[in-house]
Amino acid sequence: MRVWAVANQKGGVGKTTTAVTLGGLLAARNRETLLVDLDPHGSLTVYLGLDPEQVTGGVYELFQRAASGARADPGESVLATRFDHLHIMPASTAMATLDRQLGTREGMGLVLKRAMASLTARFDTVIMDCPPMLGVLMVNALAACDRLLIPVQTEFLAIKGLERMLHTLDMIRHSRGMRLDSVVVPTLFDRRTRASTRSLRKLRDEHADNLWEGVVPVDTRFREASTAGVPLPQMSPDARGVEAYARLLRYLEDNDEAHRAAS
Ligand SMILES: Nc1ncnc2c1ncn2[C@@H]1O[C@H](COP(=O)(O)OP(=O)(O)OP(=O)(O)O)[C@@H](O)[C@H]1O
Ligand SMILES: [Mg+2]
């Protein structure tokens with residue numbers, strides 16, 4: 001089982017879109033896929049047809065049980081979606097209180113990592129969608145994942161935001177005491193605008209390490225798909241945006257192979 005986290009402290013850069021589109025692509029290939037919604041706003045949960053105000057048994061309960069020392073099967077926090085091979089560990093609004101409840105408690109940084117260890121037989125890939133702020137949930141995701149995807153909108157301010165995220169990542173790498181591969185994914189690219197082409201150039205000049213060479217273009221069908229509550233690969237497999245994410249997936253998988261061969 002591989003575990004990918006999608007994170008960036010900047011909001012609205014395409015994190016949830018990246019998680020649901022890669023998840024949709026994998027599910028369409030019959031790979032058992034788990035999406036974990038770590039954002040208290042629950043965009044991914046809503047996308048897949050659940051109500052974060054009503055959810056019971058998702059990420060929140062997982063952390064509650066861990067905090068109370070109760071032993072429970074993390075599999076109980078996983079729900080099926082209406083798409084074959086696509087599962088979700090949903091978010092609920094109560095998660096917004098987790099930082100206050102658990103933020104300073106010992107051992108609360110590894111709740112997701114431990115939970116994932118008991119799901120390895122069930123899933124091929126887990127994709128965690130992080131909230132746009134650093135807190136106990138993002139820290140858990142960065143400790144649990146074996147790869148981090150950082151979507152960055154091709155726009156000037158977003159690149160500033162990337163620097164903050166990379167700084168966070170340095171801190172986490174230090175505390176993990178092990179490597180954590182990251183891949184920067186340029187998103188919302190509009191080749192007709194100077195802002196997009198200039199910021200892509202800036203990314204390539206200044207962040208060439210770990211930068212995926214492709215781009216995810218602006219594609220209005222992403223918004224249509226989220227309104228319809230259907231991952232774009234399931235709705236329009238030929239959309240430009242889907243093709244871009246399929247290229248990203250191929251890149252990630254080729255890289256996985258290279259790592260396995262090297263280790
Ligand atoms: N490549 C794209 N083309 C067009 N629209 C996109 C694209 N990627 C994302 N969007 C749209 O931009 C908005 C923000 O995207 P998304 O929710 O994925 O970002 P996010 O980083 O998860 O945001 P947040 O930080 O609030 O969780 C959404 O309305 C989404 O449909
Ligand atoms: Mg989001």
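How many bridges join β3 to β4, and do they run parallel or antiparallel? Two bridges join this pair, and the strands run antiparallel. That is a good place to enter the structure, which is a predicted model.

Let us stay with this hairpin for a moment. Five residues lie between β3 and β4, and in this hairpin His85 takes a positive phi near 65°. Across the pair, Leu79 has Ile88 of β4 as its bridge partner. Ile88 also serves as the bridge partner of Leu35, a contact point on the β2 side, where β2 and β4 pair in the parallel sense over four bridges. Within β4, Leu86 and Ile88 point one way while His87 and Met89 point the other way, and all of them are buried. The general pattern behind this is that side chains in a regular strand alternate between the two faces of the sheet.

Now step back to the whole sheet. It is open, it has seven strands with mixed pairing, and their order is β3-β4-β2-β5-β1-β6-β7. At the edges stand β3 (79-80) and β7, each of which pairs on one side only. As a reminder, strands of a sheet pair through backbone hydrogen bonds, in either the parallel or the antiparallel sense.

Follow that order inward and you reach β5, residues 125-129. How many of its five residues are buried? Five of the five are, so this strand counts as mostly covered because buried means under 20% relative accessible area. Both of its faces are covered: Thr125, Ile127 and Asp129 lie on one side, Val126 and Met128 on the other, and all are buried. On one flank, β2 (residues 33-37) runs parallel to β5 and is joined to it by five bridges, with Leu35 standing opposite Ile127. Strand β1 (residues 2-6) is also parallel to β5 and joined to it by five bridges, and here Val3 has Val126 as its bridge partner.

Thr125 in β5 deserves a closer look. Why does Thr125 count as buried? Because its relative accessibility is 0%. Its side chain makes two polar contacts with other side chains: one with Arg2 at 2.8 Å, and one with Asp124 at 2.6 Å. Leaving out residues up to four places away in sequence, Thr125 touches Arg2, Trp4, Leu26, Glu32, Thr33 and Leu34. For a sense of distance, the C-alpha atoms of Thr125 and Val78 are separated by 14 Å, with the two residues 47 apart along the chain.

At the other end of the sheet order, β6 (residues 147-153) and β7 run parallel and are joined by seven bridges. One pairing to look for is Leu148, which stands opposite Ser182 in β7. Helix α7 (residues 156-176) packs on the sheet here, touching β6 and β7, and its direction makes about 165° with that of β6.

Ser182 sits in β7, which covers residues 181-187. Is Ser182 buried or exposed? It counts as buried, because its relative accessibility is 5%. The side chains of Ser182 and Arg173 are joined by a polar contact of 3.4 Å. Beyond its neighbours within four places in sequence, Ser182 is in contact with Leu148, Ile150, Leu169, Arg173 and Asn210.

Next, turn to helix α3, residues 59-68. Its buried residues are Val59, Tyr60, Leu62, Phe63, Arg65 and Ala67. The elements covering them include β2, β4 (86-89), α4 (98-102), α5 (111-117) and α6 (136-144). Just after the helix, Gly69 takes a positive phi of about 80°.

Finally, visit ligand 1. Which residues come nearest to ligand 1? Of the 16 residues around it, these are Lys15, Thr16, Thr17, Pro217 and Asp219. Oxygen atoms of the ligand also have polar protein atoms beside them. The side chain of Thr17 places an N or O atom 2.5 Å from a ligand oxygen, a polar backbone atom of Thr16 is 2.8 Å from a ligand oxygen, and a backbone N or O atom of Gly12 lies 3.0 Å from one. Taken alone, ligand 1 exposes 620 Å², and the protein buries 81% of that.

Notes:
Residues are numbered from 1 along each chain as its sequence is written. Chains are lettered from A and ligands numbered from 1 in the order in which they are written. This is a predicted model: local features need pLDDT of at least 70, side-chain atom pairs count only at pLDDT 80 or more; totals for chains, interfaces and linings use all residues. Side-chain values use heavy atoms; hydrogens and water are left out. Buried means under 20% relative accessible area, exposed over 50%, partly exposed in between (1.4 Å probe, protein chains only). A polar contact is a pair of N or O atoms within 3.5 Å; within protein, one must be able to donate a hydrogen and the other to accept it, and residues adjacent in sequence count only if both atoms are side-chain atoms. Contact means heavy atoms within 4.5 Å. Two strands pair if DSSP finds at least two bridges between them. A residue is near a molecule or strand if one of its heavy atoms lies within 4 Å of it. Accessible areas come from the Shrake-Rupley method with a 1.4 Å probe; for residues, only the protein chains shown count as cover. Axes are lines fitted to C-alpha atoms, for helices over the stretch in contact, and angles run from 0 to 180 degrees between N-to-C directions.
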